[in-house]
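I opened this notebook to record what I looked up in one protein model. The entries follow the order in which I worked.

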Amino acid sequence: MESLIGLVNRLQNACTLLGDYGSAGDSVFSSVPTLWESLPSVVVVGGQSSGKSSVLESIVGRDFLPRGSGIVTRRPLVLQLHKTEPRVEDYAEFLHLPKQRFTDFYPFIYCITVVILNSLLSCSSAMVRKEIQDETDKMTGTNRRISPVPIHLTIYSPNVVNLTLIDLPGLTKVAIEGQPEAIVRDIESMVRSYILKPNCIILAITPANQDIATSDAIKLSKEVDPLGERTFGVLTKLDLMDKGTNAVDILEGRAYQLRHPWVGIVNRSQADINNKVDMVAARQREHEFFATSLDYSHLAGRMGSEYLAKLLSKHLEAEIKARIPAITSLINHSIDELEREMSHIGNPVAVDAAAQLYTILELCRAFERVFKEHLDGGRPGGDRIFTVFDSQLPAALRKLPFDQHLSLQNVKRIVSQADGYHPHLIAPEQAYRRLIDGALSYIKEPAAASVDAIHSILKELVRRSIRETEELKRFPALQNEIASAAYDALERFRGDSRKTTLRLVEMESSYLTVDFFRKLPMEPERGSAGSPISSTTDRYSEGHFRRIGSNVSSYVAMVAENLRYTIPKAVVHCQVREAGRSLLDHFYIQLGRRNSKQLGALLNEDPLLMERRQRFSRRLELYQSARDEIDWVLRSE
């Protein structure tokens, strides 16, 4: 299981690098943060001055954590211990400083010698401690704020067990000077965000010289783990208890029972720390304390920091093994989602001109396919074109002021003006033509309005098609170029369509349908005795003018009905059909004249999208590697 612990550590590191650390961070991919939550981990919880730092240093066997008054731990510290082969020199690595090793793990006396001989930095683990402090200040500043972004520290040594511990800021009840008022609540919220996860193993640190009923760590762990199934209790400062008192009832589980055994720890005192007492001596003294104590000697075999480290390592191994199926299932699900997302995002853009041109043409064709689907009915929007011809145009034709134009008064006026100083003989042909021309001129407006309506619909379909073309979403510059080229083409199509439809109307005025007028009754009206009324009277009677208006109205109605069907044909031919066939033809000609730099500019991606691809690619590579490694470990058992 050692390799599985290492695998879990690598997954935790990767989640941090990718910005995913459970509820403590935001992710660019919704399902991936649950990976962090699925990984078993040991979280160290305790109040300030409870001895958390000393417990961690005792487990590691090194003095490396920052110390001081108030809140020293202001960011989560993910401490990963890797057991190496014997006689391998101890070293540490930070995740944020890849491939940079910290090797200043030496006893204090040796460090002093190195300082004297080589003028190097002194004190054991000084560089590790300083880096933790500097990285904390970098994120939180120096005003004692906290941050949920973890620091990852890995220690390689033959003297440790394989184990991962997450140290959190110590719980506190009041904010001291220089701290924000909300820090008490913020620390508790951060701690809860970790220990609420069902895969979290809680290491609750409580000082033995404090009443267990007032322990911040026990109180919080009981709220999230009421049965004590995930909680390990640790009693520190057993050597500082008042004389005549002991913690046997707690350590034996009678005072407060947990599913797992309590472990007692004897930390180094502040005087020991000041005097640079090394961990080897501190562990020896801890061992002697339990072995020789009248109160705890019967428990000595399961007391001390070395026992605690082995206990946690063994339990963590068992937890990882039990949860491997769920972790594997989550990894497989994440891989599927990532592969789908990567297919939507697409591959990185090529750099040579030929490949760039090919890519642009393929993207344009993808846009044209979507646009044609809108026109042909595969996608919504094209049906609005039919609505213009079936409803909008006929309604506009019906509203034209033909009645006003062919009123008795207007007919008289136009006939009189057409006759001039000598009246017409049989039928006022010039008046007929003028009346018809005037009436048909009204049809030009709804004809032009139909052209403009179709133009607006086609522009909207272009905008919608660009939005719906998944392949184009990566390239905002190309989207703009395609939109501009399409709009220019639609303007040309609209100009041609407007000319054609207006010519249809003008053609009707230019050459009248003679057969229509030949079929009209042209005899003069007859009197009561059957004799014709005088021509002069007939030509200028009210009935005569009404008959002229009625004849023109019938002819205009016939022409309008014909145009109702021919105008849509012209509009579809000049605009819709051309948009479906040659919308980007001019753009393709222009593309062939552009150089590599200009083509590359069209394929500039949104920086956020490029970042997403890089993140998803790293995730995908990580999860595929993790899946393969898990399979290999399980097969090798």
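The entries below go from the whole chain to single helices, helix pairs, one residue and ring pairs.

**Entry 1. Overall**

I noted at the outset that the model is predicted. I looked up the secondary structure and found 24 helices and nine strands. The protein has 637 residues, and buried residues make up 49% of them. I then turned to contacts between residues at least 6 apart in sequence, and 80% of these join residues at least 24 apart.

**Entry 2. Helix α3**

I asked how many residues of helix α3 (residues 52–60) are buried. The count is nine of its nine residues, and I entered the helix as mostly covered. The buried set includes the charged-type names K52 and E57 as well as V55, L56, I59 and V60. It also holds S53, S54 and S58. Just after α3, I recorded a positive phi of about 85 degrees at G61.

**Entry 3. Helix α17 against α21**

Two packed helices are described by the angle between their axes and the distance between the axes. I applied this to helix α17 (residues 444–468) and helix α21 (residues 542–582), whose axes come within 10 Å and cross at roughly 25 degrees. The angle is under 35 degrees, so α17 is roughly parallel to α21. I entered their crossing as right-handed.

Which residues meet here? From α17 I listed A447, V451, I454, H455 and L458, and from α21 I567, V571, Q575, V576 and A579. By class, this contact has eight nonpolar, two polar and no charged residues.

**Entry 4. Helix α17 against α18**

I next examined α17 with helix α18 (residues 476–510). Their axes lie 9 Å apart and the helices pack at an angle of about 160 degrees. This angle is over 145 degrees, and α17 and α18 are therefore roughly antiparallel to each other. Here too I entered a right-handed crossing. By class, the contact of α17 with α18 has 13 nonpolar, four polar and eight charged residues.

**Entry 5. Residue I385**

I located I385 in helix α13 (residues 383–398). Is I385 buried or exposed? Its relative accessibility is 8%, so I385 counts as buried. Leaving aside residues up to four places away in sequence, I found that I385 touches L375, I454, I457, L458 and V576. Of these, I454 and L458 also appear on the α17 side of the contact with α21, and V576 on the α21 side. I also looked up I385 against P568: they are 183 residues apart along the chain, and their C-alpha atoms are separated by 9.5 Å.

**Entry 6. Aromatic pairs**

I counted nine aromatic pairs. For F94 and F102, the ring centres are 5.2 Å apart and the planes stand at 80 degrees, so I classed the pair as edge-to-face. Both F94 and F102 are buried.

For F367 and F371, the ring centres are 6.1 Å apart and the planes are at 25 degrees, so this pair is stacked. I placed both residues in helix α12 (residues 353–376), four residues apart, which is about one turn of the helix. F367 is buried, with a relative accessible area of 0%, and F371 counts as buried at 1% relative accessibility.

Last, I noted a cluster in which ring pairs link F289, F290 and Y296.

Technical notes:
Residues are numbered from 1 along each chain as its sequence is written. This is a predicted model: local features need pLDDT of at least 70, side-chain atom pairs count only at pLDDT 80 or more; totals for chains, interfaces and linings use all residues. Side-chain values use heavy atoms; hydrogens and water are left out. Helices (H or I, at least four residues) and strands (E, at least two) are DSSP runs, numbered from the N terminus. Buried means under 20% relative accessible area, exposed over 50%, partly exposed in between (1.4 Å probe, protein chains only). Contact means heavy atoms within 4.5 Å. Axes are lines fitted to C-alpha atoms, for helices over the stretch in contact, and angles run from 0 to 180 degrees between N-to-C directions. Angles under 35 degrees count as roughly parallel, over 145 as roughly antiparallel, 65 to 115 as roughly perpendicular and the rest as oblique. A crossing is left-handed if the near helix is turned anticlockwise from the far one by less than a right angle, and right-handed if clockwise. Ala, Val, Leu, Ile, Met, Phe, Trp, Tyr, Cys and Pro count as nonpolar, Asp, Glu, Lys and Arg as charged, and the others, Gly among them, as polar. Rings of Phe, Tyr and Trp (its six-membered ring) pair if their centres lie within 6.5 Å; planes under 30 degrees apart count as stacked, over 60 as edge-to-face and the rest as tilted.
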